[in-house]
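Visitor: I should like to learn how to read the features of a protein model. May we go through them together, with the general idea before the particular case?

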Amino acid sequence: VRTSPLLFSLVDKSALYLGAQKLLRTHDGGEHWEVLSPDLSREQPAVPANVGKYTSPELATMKRRGVIYTIALSHRDANGIWCGTDDGLIHRTTDGGATWADITPSSLTAWSKVSMLDAGHFDANTCYAAINAIRLDDQRPHILRTHDGGATWQEITNGLPAGPVNTVREDPVRKGLLYCGTERAVYFSIDDGAHWQSLRQNMPATSVRDLVVHGEDLVIGTHGRSFWIL
């Protein structure tokens with residue numbers, strides 16, 4: 001596990017969630033943990049053609065090694081949780097982990113990374129997903145949106161330049177206002193992702209790994225160029 005998602009619920013303030021290959025939760029600051037999911041990674045990840053000469057018979061039967069890379073908690077219901085893995089799967093539970101549904105879009109393959117999930121602030125069935133597919137030699141931007149709980153997904157990247165997207169966030173106050181971070185800049189959309197515009201301004205060209213709206217500020221976390229606040 002290189003990057004472990006760790007976050008508090010905004011509904012149940014005592015609940016802290018941790019992603020490994022399974023989803024864990026503690027109510028006592030980490031003294032005791034409970035397992036809320038089975039292994040949510042791919043049982044048998046396929047090996048893509050771009051691996052080339054590094055393909056081996058062992059790769060075809062290697063042990064599963066994917067992990068939960070991103071967790072999105074409902075802003076309305078403590079039992080609503082979305083999980084995305086670094087091997088291209090998305091799962092959802094609406095009953096606190098008692099049952100899970102695999103809602104992975106058909107476009108996601110084994111070496112796609114679900115880099116960030118963000119649960120909708122205005123609708124329990126809405127979620128946004130940033131997909132990083134550079135391990136598949138795919139340098140295109142990928143952001144997916146669902147408004148029906150993951151039954152269907154739409155790609156929303158119109159206006160974004162070539163390059164992977166690391167994060168996507170919905171504004172908590174203005175419906176339809178989205179932000180995303182790429183390997184070079186920040187972009188925003190005022191129509192729920194139908195069109196994107198640059199929010200670069202005076203920021204240096206740098207990898208944007210996450211975004212958060214805090215009060216009236218947009219806080220941007222970069223990889224190597226500090227924090228920026230708009």
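Guide: Strands of a sheet pair through backbone hydrogen bonds, in either a parallel or an antiparallel sense. In this predicted model, strand S10 (residues 127-132) and strand S11 (residues 143-146) are paired in the antiparallel sense over four bridges.

Visitor: Which residue in S11 is the bridge partner of alanine 129?

Guide: The partner of alanine 129 is leucine 144. Alanine 130, in turn, stands opposite isoleucine 143 in S11.

Visitor: How many bridges join S9 to S10?

Guide: S9 and S10 run antiparallel and are joined by six bridges. One pairing to locate in the display is that of aspartate 118 with tyrosine 128, its bridge partner in S10.

Visitor: In what order do the four strands of the open sheet stand?

Guide: The order is S9-S10-S11-S12, with antiparallel pairing. S9 and strand S12 (154-155) stand at the edges with a single partner strand each, so one side of each has no neighbour in the sheet.

Visitor: How many residues of S10 are buried?

Guide: Burial is judged from relative accessible area, and a residue under 20% counts as buried. In S10, six of the six residues are buried, so this strand is largely enclosed by the rest of the structure. Both of its faces are covered: Cys127, Ala129 and Ile131 are buried on one side, and Tyr128, Ala130 and Asn132 on the other.

Visitor: Since Cys127 belongs to that strand, I turn to the cysteines. How many disulfides does the count give?

Guide: A disulfide is a covalent bond between the sulfur atoms of two cysteines. The count here comes to zero disulfides, the cut-off being sulfur atoms within 2.5 Å. The sulfur of cysteine 127 is 10 Å from the closest cysteine sulfur, that of cysteine 83, which is too far for a bond. Cysteine 180 is likewise in no disulfide, as its nearest cysteine sulfur, in cysteine 127, is 15 Å away. Cysteine 127 is buried at a relative accessible area of 0%, and cysteine 180 also counts as buried at 0% relative accessibility.

Visitor: Let us consider backbone angles. Where does aspartate 192 lie, and what is its phi?

Guide: Aspartate 192 lies in the loop between strand S15 (186-189) and strand S16 (197-198). Its phi is positive, about 60°, although the residue is not a glycine. Serine 226, which is not a glycine either, has a positive phi of about 70°. Serine 226 is found in the loop between strand S18 (217-222) and strand S19 (227-229).

Visitor: Is aspartate 192 buried or exposed, and is serine 226 buried or exposed?

Guide: Aspartate 192 counts as buried, with 15% relative accessibility. Serine 226 is exposed, with a relative accessible area of 51%.

Visitor: Finally, what volume has the largest pocket, and which residues lie nearest its centre?

Guide: The volume of the largest pocket is about 1,300 Å³. Its lining has 40 residues, of which Tyr69, Thr70, Ser115, Met116 and Asp210 lie nearest the centre. By class, the lining comprises 20 nonpolar, nine polar and 11 charged residues.

Visitor: Which strands each supply at least two residues of that lining?

Guide: They are strand S1 (6-8), strand S5 (68-73), strand S9 (113-119), strand S13 (165-170) and strand S17 (208-214). S9 gives the largest share of the lining, six residues. S9 is also an edge strand of the open sheet discussed above.

Notes: Residues are numbered from 1 along each chain as its sequence is written. This is a predicted model: local features need pLDDT of at least 70, side-chain atom pairs count only at pLDDT 80 or more; totals for chains, interfaces and linings use all residues. Side-chain values use heavy atoms; hydrogens and water are left out. On a 1 Å grid over the protein atoms alone, a cavity is a set of points where a 1.4 Å probe fits but cannot get out, and a pocket is an open set with protein on both sides within 12 Å along at least five of seven lines; lining residues have an atom within 4 Å of a point. Grid points are joined across faces, edges and corners, and a volume is the space filled by probe spheres set on the points. Ala, Val, Leu, Ile, Met, Phe, Trp, Tyr, Cys and Pro count as nonpolar, Asp, Glu, Lys and Arg as charged, and the others, Gly among them, as polar. Two strands pair if DSSP finds at least two bridges between them. Buried means under 20% relative accessible area, exposed over 50%, partly exposed in between (1.4 Å probe, protein chains only).
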